Structures are given as structure tokens and as C-alpha cells.
Amino acid sequence: MGVPLFDTRTPLAPLRGAIDAKIGEVIDGSRFILGPEVEAFEREFAAYTGAPHVVGVANGTDAITIALRALGVGPGDEVVVPSFTFYASAEAIPLTGARPVFCDVDPETFCVTPETVEAALTPRTKAVIVVHLFGNVAPVAGIEALGVPVLEDAAQAAGARSADGAAGALGTVATFSFFPSKNLGAFGDGGAVTARDAEVADRVRMLRFHGSRDKQTFEMIGHNSRLDELQAAILRVQLPHLDGWADGRRAAGRHYEDAGLGELAGLPRPVDGCEPAWHLYVIRHDRADELAAALGAAGVGHKAYYRVPAHQQPAMREYAPSGPLPGTDEAARTHLAIPMSPVLSREQAAEVVAAVRDADLGRPH
Ligand SMILES: Cc1ncc(COP(=O)(O)O)c(C=O)c1O
């Protein structure tokens, strides 16, 4: 039968009428940029995450660059970032004039730890980017305890929680992407910055509009990076469903466990005390590429996302880490995403696990 890697269509189908109506409302209102929908979404997303301030921006990459700049990051500074992440987490740093310093991850959670971050700190460290990769929640409090401001890259973690609160309300600032395939996806690009302090949020608000408060006086070299009204309106229809979808993602993870996947591959481990919202369900196997070929032959969706981690990308050559990153190397070599969605059924999970079993590649390590 086959199981796709994602299913964004099925969860949205019941919302189609409400989304169409909202789009119509925005068109009828003729406000397309920074109007009532963005304002309402910012309020509602703040209430949802528990973060005091939310500012909508154009995408998750701008969100990181703008949030770093709002924290005062610039030339001469270093920003610690994991290498096992989507390239944009690191790319946003040189755009501020600062230097990325790559740190390692725990290959079982795919997230940074206080130890891996501490090893990368120097007197020039101005901030740490903590990526809640694949919908897990990295240990923000333990990293803040090192005495550095934390930016949560929560692009993949909308709907995830730790014991201390929701992803996006744990650090000094946090950033989200609303790329269509994300846990909360727009129908195009979109993003947001959340902030603990009003002053930082105020700077983000200025930076997203050319460094101006009033369109007359331009106080900073800024960006043109706004969440648009149509996308905000579409996100508002979806937001009340995000928790239910996150429950569905966790249930899908349990279906995989119940079907015996843990005997055949390394399963993603939630960071202690967190409720992940599996954006991607990423397993590990020493023979990951052979497993990928077998899944492909069985019609099962799969993808190796970061075989070449960020620090080995050509554009990052000048930022080579000073020591080895063994957790990153292992994760990069062994990871493989298998199907995940809020509606992945027990039967679909069993079909995926049967395909992994039929691949007959032996123990994961
Ligand atoms: C971890 C991570 N950070 C940043 C981004 C960048 O987001 P965007 O594509 O909206 O710029 C993404 C997603 O694409 C991501 O997965």
C-alpha cells in the first residue's frame, strides 16, 4: 500500500471551509500587511506558548537573524550552535556579522546538552542557539545556567513541551518557522520570534520593518520581514488544533514502539521530562542507507535530512570546529526519518515496521 513520509493534507481537510472563509475575510478587508490578523495571531500564539511577547516575521531563518540582532549579537561575537540541524540555524549567524561556533549533540536525542554547549563557550560567546530538533525539547534551563542567553530554534517544535513550559517559552528568545510542512504550517513562508523581555520584542518589531517604529524615522539597519495577513489568518484557524496534532504525533511514536521498532533500529529518545511533538520521526541504524533503499522498494517514505552536517557545508568552511563532534558524526551517518504525521495509524506504523523487519539488516548497532 505504501506510507508517505508526511501527511499534511488529511489533518487540514476538516478545516478547509474555515480556512476558505478566513481567506475571503482578509481579501474583503483589503489589509494584507501588518493588520488585525497578524496582531491577533501574535496575541494568540503568546497565550498558547506562554511567552510574553510574539512578533510575526517572514520565515524561520529571518526569525533567527533578527532575534540574534535584537539580543545585540554582531561583529566580533560568537554564537554557539549545533552542527546537526537544518543549515539555516547556522546560516543566520554570519548574517549578523558574528561567528558560528559549532557544538556537538547527543545522538540519541539529536539535541545539544549543557556539556556539549559548555565545551564550545569562550569569552566571546554572546548567545547559544539551542535547536529543538525533530520536535524534541533541548534542556534550555541547564544551558541558561551556564550564564549565556539562549535562543531556542523551535522551528520544528511547535506543540512540544518540557517540564518548564512550552517550546518557545523557555529561553531569552525563541524562533519558529511556519514553513508548510512544519507542525504548524502556513500556506507559504512564515515565522515568529517570541521574547521574554519587552525591550527585546520591541527591537524585533523594529527590525522586521526596516528598523523603524513609525515608517518615518529609521533607527537601525533593519529587514523587510513580516508575517503577512493571509498567512496569519490561516495559522489562526489551525492553532486551536496544534495540541491535538501533537498528541497524534506522540501516538504515532507509540504505534512504532508497540510494533517492535525498538528491536530493529535506534528510536529517538525524548529529552528527560519533555513531551516531544515529533515533527519528524528519526530512527538510527548503522546501515541507514541500505535501510533507506529497502524502505523505498517497499513504498515507505523516508529521508536522510542532514547526512552532511552544517559545519561540513562548503559555505561554513571558515568556521571549522576546533575539535571532533562525535555525536554529530554518528547522528549524521546513522539517522533516517520514517513516516510521521498527526494521523499516522497503528496499521500504517505496522506496515513501516514490517518493511524495516523485512530489510533484514540486523541489530541497529
Ligand atoms: C531547525 C530549523 N531552523 C530553521 C529553519 C528555517 O526556517 P524557514 O525555512 O522558515 O526559513 C528550519 C526550517 O526550515 C528548521 O528546520
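**Exercise 1. Place Ser162 in this predicted model: which strand holds it, and is it buried or exposed?**

Start with the secondary structure. Ser162 belongs to strand β6, which covers residues 161–162.

Next, check the accessible area. Ser162 has a relative accessible area of 18%, and the cut-off for buried is under 20%. So Ser162 counts as buried.

**Exercise 2. Work out what Ser162 touches: which backbone nitrogen does its side chain reach, and which residues is it in contact with beyond four places in sequence?**

Take the side chain to begin with. It reaches the backbone nitrogen of Asp164, at 3.0 Å.

Then skip the neighbours within four places in sequence. That leaves Ser162 in contact with Val137, Leu170, Gly273 and Cys274.

**Exercise 3. Now look at the ligand: which of the 13 residues around it come nearest, and what do the polar side-chain atoms of Thr61 and Asp153 and the N or O atom of Ser177 pair with?**

Pick out the nearest residues: Gly60, Thr61, Asp153, Ser177 and Lys182, from the 13 around the ligand.

Go through the pairs one by one:

- Thr61 puts a polar side-chain atom 2.5 Å from a ligand oxygen.
- Asp153 has a polar side-chain atom 2.7 Å from a ligand nitrogen.
- Ser177 has a side-chain N or O atom 2.7 Å from an oxygen of the ligand.

**Exercise 4. Describe the ligand's surroundings: how much of its accessible area does the protein cover, and which elements give two or more residues to the shell?**

On its own, the ligand has 380 Å² of accessible area, and the protein covers 91% of that.

As for the site, the ligand takes up the space of the largest pocket. Two or more shell residues come from each of α4 (60–70) and α5 (88–91).

Terms used. Residues numbered from 1 in each chain as written. Predicted model: local features only at pLDDT ≥ 70, side-chain atom pairs only at ≥ 80, totals over all residues. Heavy atoms only, no water. Helix = DSSP H or I, 4+ residues; strand = E, 2+ residues; numbered from the N terminus. Buried < 20%, exposed > 50% of the residue type's maximum accessible area, 1.4 Å probe, protein only. Polar contact = N/O pair within 3.5 Å; in protein donor to acceptor, adjacent residues only side chain to side chain. Contact = heavy atoms within 4.5 Å. Near = heavy atom within 4 Å. Areas by Shrake-Rupley, 256 points an atom, 1.4 Å probe, with all protein chains shown as cover. 1 Å grid on protein atoms, 1.4 Å probe; cavity = no way out; pocket = protein on both sides within 12 Å on 5 of 7 lines; lining within 4 Å. Sits in = over half its atoms within 2 Å of the grid points.
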